[in-house]
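Here is a short set of exercises, each with a worked solution. Take a look at the chain first, then try each task before reading on.

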Amino acid sequence: MESLQHHVDQLFQKYRGSKQIEELKWEVLSNLEAKVADLVADGLSLGEAVKKAKANLPSIDSIVGERRKVYMLPLLQELLQLGLLYGLIAWIVTMPLRIWGKGIFLNYGLFAICILIGIVYLVLLRFNRPASSRQLTSMNVQFAFLLRKTGWMLWALYIVGTLVFTTALYFGSNLWFSTPVNLTGPYQFANIAVTYALPFLSILIPLWLQAIPRLILKYDAGEGDLHAK
(Lines give C-alpha, C1' and ligand atoms only; values in the text may rest on other atoms or scores of the structure.)
Protein backbone atom coordinates (compact mmCIF):
# COMPACT_ATOMS: atom_id res chain seq x y z
CA MET A 1 0.00 0.00 0.00
CA GLU A 2 1.65 3.16 -1.23
CA SER A 3 -0.10 5.41 1.30
CA LEU A 4 1.25 3.36 4.20
CA GLN A 5 4.74 3.30 2.64
CA HIS A 6 4.63 7.09 2.28
CA HIS A 7 3.32 7.46 5.85
CA VAL A 8 6.16 5.34 7.28
CA ASP A 9 8.75 7.19 5.16
CA GLN A 10 7.49 10.49 6.58
CA LEU A 11 7.58 9.18 10.15
CA PHE A 12 11.19 8.05 9.77
CA GLN A 13 12.29 11.15 7.85
CA LYS A 14 14.62 12.39 10.59
CA TYR A 15 16.15 8.91 11.15
CA ARG A 16 18.17 8.04 8.08
CA GLY A 17 21.41 6.39 7.10
CA SER A 18 21.36 3.37 9.36
CA LYS A 19 20.74 -0.18 8.22
CA GLN A 20 19.11 -0.86 11.56
CA ILE A 21 16.67 2.00 10.98
CA GLU A 22 15.85 0.62 7.53
CA GLU A 23 15.12 -2.76 9.11
CA LEU A 24 12.95 -1.04 11.71
CA LYS A 25 11.05 0.82 8.97
CA TRP A 26 10.39 -2.45 7.19
CA GLU A 27 9.12 -4.05 10.40
CA VAL A 28 6.82 -1.10 11.15
CA LEU A 29 5.43 -1.11 7.60
CA SER A 30 4.85 -4.88 7.68
CA ASN A 31 3.00 -4.64 11.00
CA LEU A 32 0.97 -1.70 9.77
CA GLU A 33 -0.11 -3.58 6.63
CA ALA A 34 -1.01 -6.65 8.70
CA LYS A 35 -3.14 -4.54 11.04
CA VAL A 36 -4.96 -2.92 8.14
CA ALA A 37 -5.69 -6.37 6.72
CA ASP A 38 -7.02 -7.54 10.12
CA LEU A 39 -9.26 -4.49 10.47
CA VAL A 40 -10.63 -4.88 6.95
CA ALA A 41 -11.34 -8.55 7.72
CA ASP A 42 -13.25 -7.35 10.81
CA GLY A 43 -15.57 -5.29 8.62
CA LEU A 44 -13.98 -1.84 8.38
CA SER A 45 -13.59 -0.15 5.04
CA LEU A 46 -10.04 0.16 3.71
CA GLY A 47 -9.95 3.90 4.41
CA GLU A 48 -11.19 3.47 7.98
CA ALA A 49 -8.76 0.61 8.58
CA VAL A 50 -5.80 2.65 7.34
CA LYS A 51 -6.86 5.63 9.48
CA LYS A 52 -7.27 3.50 12.63
CA ALA A 53 -3.99 1.60 12.08
CA LYS A 54 -2.10 4.88 11.66
CA ALA A 55 -3.74 6.36 14.77
CA ASN A 56 -2.70 3.38 16.92
CA LEU A 57 0.89 3.41 15.73
CA PRO A 58 3.15 4.49 18.63
CA SER A 59 5.43 7.45 18.18
CA ILE A 60 8.52 6.72 16.14
CA ASP A 61 10.66 8.35 18.82
CA SER A 62 9.49 5.69 21.24
CA ILE A 63 10.05 2.95 18.65
CA VAL A 64 13.59 4.09 17.94
CA GLY A 65 14.20 4.52 21.67
CA GLU A 66 15.98 1.69 23.43
CA ARG A 67 13.37 0.31 25.82
CA ARG A 68 9.68 -0.33 25.16
CA LYS A 69 6.74 -1.64 27.12
CA VAL A 70 5.30 -4.78 25.52
CA TYR A 71 2.63 -7.32 26.41
CA MET A 72 4.76 -10.15 27.77
CA LEU A 73 2.41 -13.15 27.72
CA PRO A 74 1.17 -13.00 24.09
CA LEU A 75 4.72 -12.28 22.93
CA LEU A 76 6.07 -15.35 24.75
CA GLN A 77 3.20 -17.47 23.46
CA GLU A 78 3.86 -16.50 19.86
CA LEU A 79 7.60 -17.05 20.25
CA LEU A 80 6.97 -20.52 21.71
CA GLN A 81 4.43 -21.26 18.99
CA LEU A 82 7.03 -20.35 16.38
CA GLY A 83 9.70 -22.40 18.18
CA LEU A 84 7.34 -25.38 18.27
CA LEU A 85 6.63 -25.02 14.55
CA TYR A 86 10.35 -24.90 13.70
CA GLY A 87 11.03 -27.82 16.05
CA LEU A 88 8.37 -29.94 14.35
CA ILE A 89 9.78 -29.06 10.92
CA ALA A 90 13.27 -30.14 12.04
CA TRP A 91 11.84 -33.33 13.59
CA ILE A 92 10.00 -34.26 10.37
CA VAL A 93 12.99 -33.41 8.15
CA THR A 94 15.30 -35.63 10.22
CA MET A 95 12.96 -38.64 10.22
CA PRO A 96 14.72 -40.28 7.23
CA LEU A 97 18.00 -40.00 9.17
CA ARG A 98 16.77 -42.63 11.63
CA ILE A 99 18.38 -45.23 9.37
CA TRP A 100 21.70 -43.47 9.99
CA GLY A 101 23.38 -44.23 13.34
CA LYS A 102 23.45 -40.80 14.99
CA GLY A 103 20.23 -39.79 13.23
CA ILE A 104 18.16 -41.78 15.73
CA PHE A 105 19.45 -39.75 18.68
CA LEU A 106 19.06 -36.50 16.74
CA ASN A 107 15.46 -37.28 15.78
CA TYR A 108 14.52 -38.37 19.30
CA GLY A 109 16.26 -35.30 20.73
CA LEU A 110 14.26 -32.97 18.48
CA PHE A 111 11.05 -34.78 19.42
CA ALA A 112 11.87 -34.29 23.12
CA ILE A 113 12.50 -30.58 22.52
CA CYS A 114 9.14 -30.27 20.74
CA ILE A 115 7.37 -31.93 23.68
CA LEU A 116 9.11 -29.61 26.14
CA ILE A 117 8.21 -26.48 24.16
CA GLY A 118 4.64 -27.77 23.74
CA ILE A 119 4.25 -28.29 27.50
CA VAL A 120 5.52 -24.79 28.30
CA TYR A 121 3.22 -23.37 25.60
CA LEU A 122 0.18 -25.17 27.05
CA VAL A 123 1.06 -23.97 30.54
CA LEU A 124 1.22 -20.38 29.31
CA LEU A 125 -2.13 -20.81 27.55
CA ARG A 126 -3.69 -21.57 30.95
CA PHE A 127 -2.67 -18.08 32.05
CA ASN A 128 -4.24 -16.54 28.96
CA ARG A 129 -6.73 -14.46 30.91
CA PRO A 130 -7.42 -10.79 30.20
CA ALA A 131 -5.51 -9.62 33.29
CA SER A 132 -2.49 -11.82 32.55
CA SER A 133 -2.38 -11.06 28.84
CA ARG A 134 -2.07 -7.33 29.57
CA GLN A 135 0.94 -7.60 31.89
CA LEU A 136 3.75 -5.43 30.61
CA THR A 137 7.47 -5.92 30.50
CA SER A 138 10.25 -3.67 29.29
CA MET A 139 12.20 -4.90 26.26
CA ASN A 140 15.14 -3.41 24.44
CA VAL A 141 14.31 -3.21 20.74
CA GLN A 142 17.86 -2.22 19.80
CA PHE A 143 19.15 -5.30 21.61
CA ALA A 144 16.61 -7.44 19.75
CA PHE A 145 17.96 -6.19 16.42
CA LEU A 146 21.53 -6.77 17.63
CA LEU A 147 20.59 -10.26 18.79
CA ARG A 148 19.09 -11.01 15.39
CA LYS A 149 22.16 -9.74 13.55
CA THR A 150 24.51 -11.62 15.89
CA GLY A 151 22.48 -14.80 15.41
CA TRP A 152 22.88 -14.65 11.64
CA MET A 153 26.61 -13.87 11.90
CA LEU A 154 27.24 -16.77 14.30
CA TRP A 155 25.21 -19.09 12.09
CA ALA A 156 27.26 -18.09 9.02
CA LEU A 157 30.51 -18.69 10.94
CA TYR A 158 29.20 -22.04 12.15
CA ILE A 159 28.29 -23.12 8.61
CA VAL A 160 31.67 -22.08 7.20
CA GLY A 161 33.49 -23.78 10.08
CA THR A 162 31.59 -27.05 9.77
CA LEU A 163 32.00 -27.13 5.98
CA VAL A 164 35.76 -26.61 6.30
CA PHE A 165 35.99 -29.19 9.09
CA THR A 166 33.94 -31.79 7.18
CA THR A 167 35.98 -31.25 4.02
CA ALA A 168 39.24 -31.59 5.93
CA LEU A 169 37.94 -34.70 7.71
CA TYR A 170 36.84 -36.60 4.62
CA PHE A 171 38.95 -35.14 1.84
CA GLY A 172 41.98 -33.62 3.59
CA SER A 173 44.40 -36.34 2.57
CA ASN A 174 43.06 -36.27 -0.98
CA LEU A 175 43.51 -32.50 -1.24
CA TRP A 176 46.88 -32.25 0.48
CA PHE A 177 48.52 -35.41 -0.92
CA SER A 178 46.66 -35.61 -4.26
CA THR A 179 45.40 -39.11 -3.57
CA PRO A 180 42.12 -40.03 -5.34
CA VAL A 181 38.83 -39.86 -3.46
CA ASN A 182 37.74 -43.36 -2.56
CA LEU A 183 34.05 -43.90 -1.81
CA THR A 184 33.43 -47.56 -1.09
CA GLY A 185 29.65 -47.54 -1.50
CA PRO A 186 26.34 -45.67 -1.30
CA TYR A 187 26.27 -45.81 2.52
CA GLN A 188 29.59 -43.96 2.77
CA PHE A 189 28.41 -41.43 0.18
CA ALA A 190 25.14 -40.90 2.10
CA ASN A 191 27.09 -40.54 5.36
CA ILE A 192 29.22 -37.75 3.89
CA ALA A 193 26.21 -36.06 2.25
CA VAL A 194 24.32 -36.04 5.58
CA THR A 195 27.37 -34.63 7.38
CA TYR A 196 27.46 -31.77 4.90
CA ALA A 197 23.69 -31.09 4.88
CA LEU A 198 22.81 -31.48 8.55
CA PRO A 199 24.38 -28.20 9.83
CA PHE A 200 22.06 -26.22 7.51
CA LEU A 201 19.14 -27.37 9.64
CA SER A 202 20.39 -24.96 12.30
CA ILE A 203 19.12 -22.07 10.14
CA LEU A 204 15.88 -22.43 12.12
CA ILE A 205 17.63 -20.77 15.10
CA PRO A 206 18.43 -17.41 13.38
CA LEU A 207 15.02 -17.57 11.72
CA TRP A 208 13.49 -17.79 15.20
CA LEU A 209 15.60 -14.86 16.41
CA GLN A 210 14.48 -12.97 13.30
CA ALA A 211 10.95 -12.84 14.67
CA ILE A 212 11.78 -11.14 17.99
CA PRO A 213 11.98 -7.47 16.81
CA ARG A 214 8.77 -7.95 14.79
CA LEU A 215 6.94 -9.33 17.82
CA ILE A 216 8.19 -6.51 20.06
CA LEU A 217 6.65 -4.04 17.62
CA LYS A 218 3.51 -6.14 17.28
CA TYR A 219 2.86 -6.33 21.04
CA ASP A 220 3.94 -2.82 21.87
CA ALA A 221 1.75 -1.45 24.68
CA GLY A 222 0.93 1.58 22.57
CA GLU A 223 -1.02 -0.70 20.24
CA GLY A 224 -2.88 -2.49 22.99
CA ASP A 225 -6.41 -1.93 21.67
CA LEU A 226 -5.46 -3.72 18.47
CA HIS A 227 -3.91 -6.77 20.11
CA ALA A 228 -6.13 -7.21 23.11
CA LYS A 229 -8.81 -8.65 20.87
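**Exercise 1.** Find what percentage of the residues of the chain count as buried.

*Solution.* Start with the cut-offs: buried means under 20% relative accessible area, exposed over 50%, and partly exposed in between, with a 1.4 Å probe and protein chains only. Of the 229 residues, 36% count as buried. Bear in mind that this is a predicted model, where local features need pLDDT of at least 70, side-chain atom pairs count only at pLDDT 80 or more, and totals for chains, interfaces and linings use all residues. Residues are numbered from 1 along each chain as its sequence is written, and side-chain values use heavy atoms, leaving out hydrogens and water.

**Exercise 2.** Work out how many helices and strands the chain has, and in which pattern they follow.

*Solution.* Helices (H or I, at least four residues) and strands (E, at least two) are DSSP runs, numbered from the N terminus. The chain has 11 helices and 2 strands. Along the sequence the pattern reads α-α-α-α-β-α-α-α-β-α-α-α-α.

**Exercise 3.** Decide which residues of helix 3 are buried, and where they sit around the axis.

*Solution.* In helix 3 (residues 46–55), the buried residues are Ala 49, Val 50 and Ala 53. They cover an arc of only 100° around the axis, so they are on the same side of helix 3; the arc is that of the directions from the helix axis to the C-beta atoms. Gly 47, Lys 51 and Ala 55 are exposed on the other side. As a reminder, an α-helix has 3.6 residues a turn, so residues three or four places apart point the same way.

**Exercise 4.** Check whether the span of helix 5 agrees or disagrees with what its number of residues predicts.

*Solution.* The expected span is 1.5 Å times one less than the number of residues. For the 22 residues of helix 5 (residues 72–93) this should be 32 Å, and the end C-alpha atoms are 32 Å apart, which agrees.

**Exercise 5.** Identify the side chains that meet in a salt bridge, and say which parts they tie together.

*Solution.* A salt bridge is a side-chain nitrogen of Lys or Arg within 4 Å of a carboxyl oxygen of Asp or Glu. The count comes to 1. Glu 78 and Arg 214 are the partners, at 4.0 Å, N to O. Glu 78 lies in helix 5 and Arg 214 in helix 10 (residues 204–218), so the pair ties together parts 136 residues apart in sequence. Glu 78 counts as buried at 18% relative accessibility, whereas Arg 214, at 28%, counts as partly exposed.
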